[in-house]
Amino acid sequence: MRFGELEENGRNFLLSVYKQTKGDPAAVVSMYDVGAELGLDRSAASHLAEDLMGWMLLEVRSLSGGVGLTPLALGEIETSEFSESGSRENSARLGSEPVITGEVRQAVERVMAALKQQIGGMGLSFDGLAEVMADVKTIDAQFDSPRPKTAIVRACLSSLKATLADAGARDCTELVSGLLGE
């Protein structure tokens, strides 16, 4: 599910978790505190959080209601075209700079983490899976460098986008398209 396709309560809940964790995937917040901030009682907050867990956007981090964002959620939020108010905003996209740095580097890393989490369940053919894995490994190799090359990452992302689109992996295709600015 795409971030923009979530109902308003779901988007607001995820954005609140994102703000409270400052985008840190290791951080934990109370689903009940997030719900209270949004005017939800404990039961409603719990049900909403469970729905978001079902979409693999939140993870349980403690038995007392602690939750955290998944890499998929981070990728969705940070490549989303929607801000908290629902208006369009510029999200991190690959530019024409020769080297990927800062915000764009973080966005690519989050999208790649989300893709890696979903690759096994995409139903790709053997050849499709081999092609996706080659592109993922090439991007990983670039990010092992202190100066990842934009042109190489862009070519891999374009190849990934085509393979994912052929496999019908719409959500992942849209994540990659967001990075490419398409």
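# Close-up views of a predicted model

Of the 182 residues in the protein chain, 46% are buried, in a model that is predicted rather than determined by experiment.

**View 1. The whole chain, with its helices and strands.** The secondary structure of the protein chain amounts to 8 helices and 3 strands, and these elements follow one another along the sequence in the pattern α-β-α-α-β-β-α-α-α-α-α. Among the contacts in the protein chain with a separation of 6 or more, 59% are made by residues that are 24 or more positions apart.

**View 2. The open sheet and the helix that packs on it.** The 3 strands form an open sheet in the order S1-S3-S2, and their pairing is antiparallel. Strand S1 (29–30) and strand S2 (58–60) lie at the edges and have a single partner strand each, so one side of each is left without a neighbour in the sheet. Helix H1 (residues 8–21) packs on this sheet and touches S1, S2 and S3, with a direction that makes about 90° with that of S3.

**View 3. The bridges on either side of strand S3.** Strand S3 (residues 66–69) runs antiparallel to S2, to which 3 bridges join it. Within this pairing, valine 60 has valine 67 of S3 as its bridge partner, while leucine 58 stands opposite leucine 69 in S3. The pairing of S1 with S3 is also in the antiparallel sense and extends over 2 bridges, and here serine 30 is found opposite glycine 66 in S3.

**View 4. The two faces of strand S3 and the hairpin that leads into it.** In a regular strand, side chains alternate between the two faces of the sheet. In S3, Gly66 and Gly68 point one way whereas Val67 and Leu69 point the other way, and all of these residues are buried. The hairpin of S2 and S3 has 5 residues between the strands, and in this hairpin glycine 65 takes a positive phi near 100°.

**View 5. Two loop residues with positive phi.** Most residues other than glycine have a negative phi. Lysine 22, which is not a glycine, nevertheless has a positive phi near 55°, and its place is in the loop between H1 and S1. With a relative accessible area of 75%, lysine 22 is exposed. Methionine 56 likewise has a positive phi, of about 60°, although it is not a glycine, and this residue is placed in the loop between helix H3 (42–54) and S2. Methionine 56 has a relative accessible area of 39% and is therefore classed as partly exposed.

**View 6. The packing of helix H5 against helix H6.** Two packed helices are described by the angle and the distance between their axes. For helix H5 (residues 102–118) and helix H6 (residues 126–144), the axes come within 12 Å and cross at roughly 145°, and H5 passes H6 in a left-handed crossing. On the H5 side the contact is made by Arg105, Val108, Glu109, Met112 and Lys116, and on the H6 side by Val136, Ile139, Asp140 and Phe143. Divided by class, the residues of the contact of H5 with H6 comprise 5 nonpolar and 4 charged residues, with no polar ones.

**View 7. The packing of helix H6 against helix H7.** The axes of H6 and helix H7 (residues 150–166) come within 9 Å and cross at roughly 155°, and H6 and H7 are therefore roughly antiparallel to each other. The crossing in which H6 passes H7 is left-handed. H6 brings Gly128, Glu131, Val132, Asp135, Val136, Thr138, Ile139, Gln142 and Phe143 to the contact, and H7 brings Ile152, Val153, Cys156, Leu157, Ser159, Leu160 and Thr163. By class, the contact of H6 with H7 holds 9 nonpolar, 5 polar and 2 charged residues.

**View 8. The surroundings of valine 132.** Valine 132 lies in helix H6, and its relative accessible area of 2% means that it is buried. When residues up to four places away in sequence are not counted, valine 132 touches Ile119, Leu124, Leu160 and Thr163; of these, Leu160 and Thr163 are also among the H7 residues of the contact shown in the preceding view. The C-alpha atoms of valine 132 and lysine 116, which are 16 residues apart along the chain, are separated by 9.8 Å.

Definitions and conventions. Residues numbered from 1 in each chain as written. Predicted model: local features only at pLDDT ≥ 70, side-chain atom pairs only at ≥ 80, totals over all residues. Heavy atoms only, no water. Pairing = 2+ DSSP bridges. Helix = DSSP H or I, 4+ residues; strand = E, 2+ residues; numbered from the N terminus. Contact = heavy atoms within 4.5 Å. Axes fitted to C-alpha atoms, helices over the stretch in contact; angles between N-to-C directions. Left-handed = near helix turned anticlockwise from the far one by under 90°. Nonpolar A, V, L, I, M, F, W, Y, C, P; charged D, E, K, R; others polar. Parallel < 35°, antiparallel > 145°, perpendicular 65-115°, else oblique. Buried < 20%, exposed > 50% of the residue type's maximum accessible area, 1.4 Å probe, protein only.
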